[in-house]
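This report describes a two-chain model in terms of its helices, its interface and its confidence scores. The sequence and the structure are shown below.

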Amino acid sequence: MFRGIWSTLVGLLIEDGQLAIGALIALAITWAIAYTGGEQGRDLSGWVLLAIVLALVVANLYRAGVTVRARASSARR
Amino acid sequence: MADNPRVDPITLAIHATPAFVASAVEFVEATTIVLAVGVTRGWRAPLLGTVAATVTLAVIIATLGVAIVTVVPENLLKGVVGALLLLFGLRWLRKAVLRFAGIVAIHDEELIYQREIAELRAQGLQRTHFDWVGFLVAYKAVLLEGTEVAFIVIAFGAAGGIALTAATIGAIAAGLFVIALGVALKKPLTMVPENWLKFGVGAMLCSFGVFWFAEALGMEWPGDALSIPLIVLAFLGASWLAVRMLRVLLPQGARVEARHV
């Protein structure tokens, strides 16, 4: 069981580290908006979090694709 | 939602479906391994291993799960669970997108089943005593995957009340469904489109994560739980866009390990 938990943590923080860090920053931004923006900030917080996370997913996968393409083309040379 | 004594079928379905789908993925993996042990070494030891793991899990859930849900304040629990769901969901979603784009190899239950059978045959079978190898392999598999199911139930049921009931019903239904399929077929469940399920579950985990984290901050979503399907659609749309984008970037795919991406 502990090996499973360990491999999940390693996967989350190391293999997918950039995505995890990005998500944590998105959560922190959302928290800040909700606590500093009053009632309007709280009502916007979910939509802001959703927008940031969606952009993060697309950007992270684009970057992964570019990295793999660069590696594949350098391996062919 | 916990204060509402009426069971709204739509809310119940919204909360039970992700737990059903997510648990089904875990049950497919556990069933594949138990089937491999049963077919190669006989059924007594793996079935006893499965029962022992189920009892261990029940103890873990009864002590840890209920304590967490009842002792920790609801908003704090929603915030922490929401953040965790988002982190785990993003990981599932990313891997599913990379698999659909052909960058990472598709998870193959048939291959896992054949590999498990080969390993168990290589270890041999001594018929003089109880088959401890078969027992331990089944126990470990069911406990590992079951722990993930327990996490799913606690996470999806973190709001308490209907949510916890629905998540439990969803997980039990998934277990019964997958076990019945496994018993009927006595073969690995290769027809289950696992990457599609992981794709959907990843989107649902992310959606519940966003929904609960914002609720914990004091946001009131329009239509309450009815906004969850819209958030799921947004995640599915963005992921579909990412798959299309990766297929344009890498038309031949790459077939590399996820850790190298």
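## Helix 1 of chain B

Helix 1 of chain B covers residues 9-41, and its 33 residues should span 48 Å at 1.5 Å a residue; the end C-alpha atoms are 44 Å apart, which agrees. The expected span is 1.5 Å times one less than the number of residues in the helix. Helices here are DSSP runs of H or I with at least four residues, strands are runs of E with at least two, and both are numbered from the N terminus.

Of these 33 residues 24 are buried, so helix 1 of chain B is largely enclosed by the rest of the structure. A residue counts as buried if 20 or more other C-beta atoms lie within 10 Å of its own, as exposed if 12 or fewer do, and as partly exposed in between, with C-beta atoms placed from the backbone. Just after the helix, Gly42(B) has a positive phi of about 95°.

## Basis of the model

The model is predicted: local features need pLDDT of at least 70, side-chain atom pairs count only at pLDDT 80 or more, and totals for chains, interfaces and linings use all residues. Residues are numbered from 1 along each chain as its sequence is written, while chains are lettered from A and ligands numbered from 1 in the order in which they are written.

## Composition of the chains

Chain B has eight helices and zero strands, in the order α-α-α-α-α-α-α-α from the N terminus. Of its 261 residues, 48% are buried. Among contacts in chain B with a separation of 6 or more, 89% join residues 24 or more positions apart. Two residues are in contact if their C-beta atoms, placed from the backbone, lie within 7 Å.

Chain A has three helices and zero strands, and its pattern along the sequence is α-α-α. Buried residues make up 25% of the 77 residues in chain A.

## Helices 5 and 7 of chain B

Helix 5 of chain B has 25 residues and reaches 35 Å from its first C-alpha to its last, close to the 36 Å expected at 1.5 Å a residue. Because 19 of these 25 residues are buried, helix 5 of chain B is largely enclosed by the rest of the structure.

For the 23 residues of helix 7 of chain B, 1.5 Å a residue gives a span of 33 Å, and the 32 Å between the end C-alpha atoms agrees. Helix 7 of chain B is mostly covered, with 20 of its 23 residues buried. Gly218(B), just after this helix, takes a positive phi of about 105°.

## Interface and nonpolar core

The interface joins 37 residues of chain B to 33 residues of chain A. On the chain B side, at least two residues each come from helix 3 (74-100), helix 5 (132-156), helix 7 (194-216) and helix 8 (227-249). This side of chain B holds 30 nonpolar, three polar and four charged residues. Ala, Val, Leu, Ile, Met, Phe, Trp, Tyr, Cys and Pro count as nonpolar, Asp, Glu, Lys and Arg as charged, and the others, Gly among them, as polar.

The largest nonpolar core has 93 residues, and those with the most contacts inside it are Val53(A), Ala19(B) and Val210(B). Such a core is a set of buried Ala, Val, Leu, Ile, Met, Phe, Trp, Tyr and Cys residues joined through C-beta atoms within 7 Å. Apart from neighbours within four places in sequence, Val210(B) is in contact with Gly46(A), Leu49(A), Leu50(A), Val53(A), Leu86(B) and Ile231(B).

## Two loop residues of chain B

Ala101(B) lies in the loop between helix 3 and helix 4 of chain B. Ala101(B) counts as buried because it has 23 C-beta neighbours inside 10 Å. Its C-alpha is 8.7 Å from that of Ala242(B), although the two are 141 residues apart in sequence.

Asp224(B) is in the loop between helix 7 and helix 8 of chain B. With 15 C-beta neighbours inside 10 Å, Asp224(B) counts as partly exposed. Asp224(B) and Thr11(B) are separated by 213 residues in sequence and by 9.4 Å in space, C-alpha to C-alpha.

## Confidence

The predictor assigns the complex an ipTM of 0.81 and a pTM of 0.68. For each residue, pLDDT is the predictor's confidence on a scale from 0 to 100. Chain A has an average pLDDT of 81, with 77% of residues scoring at least 70. Within chain A, the lowest mean is 56, in helix 1 (residues 2-15), and the highest is 90, in helix 2 (residues 17-36).

The mean pLDDT of chain B is 79, and 81% of its residues reach 70 or more. Among its elements, helix 4 (residues 109-123) has the lowest mean, 70, and helix 8 the highest, 91. Over residues 257-261 of chain B pLDDT stays under 50, and the model has 11 contacts beyond four places in sequence for them.
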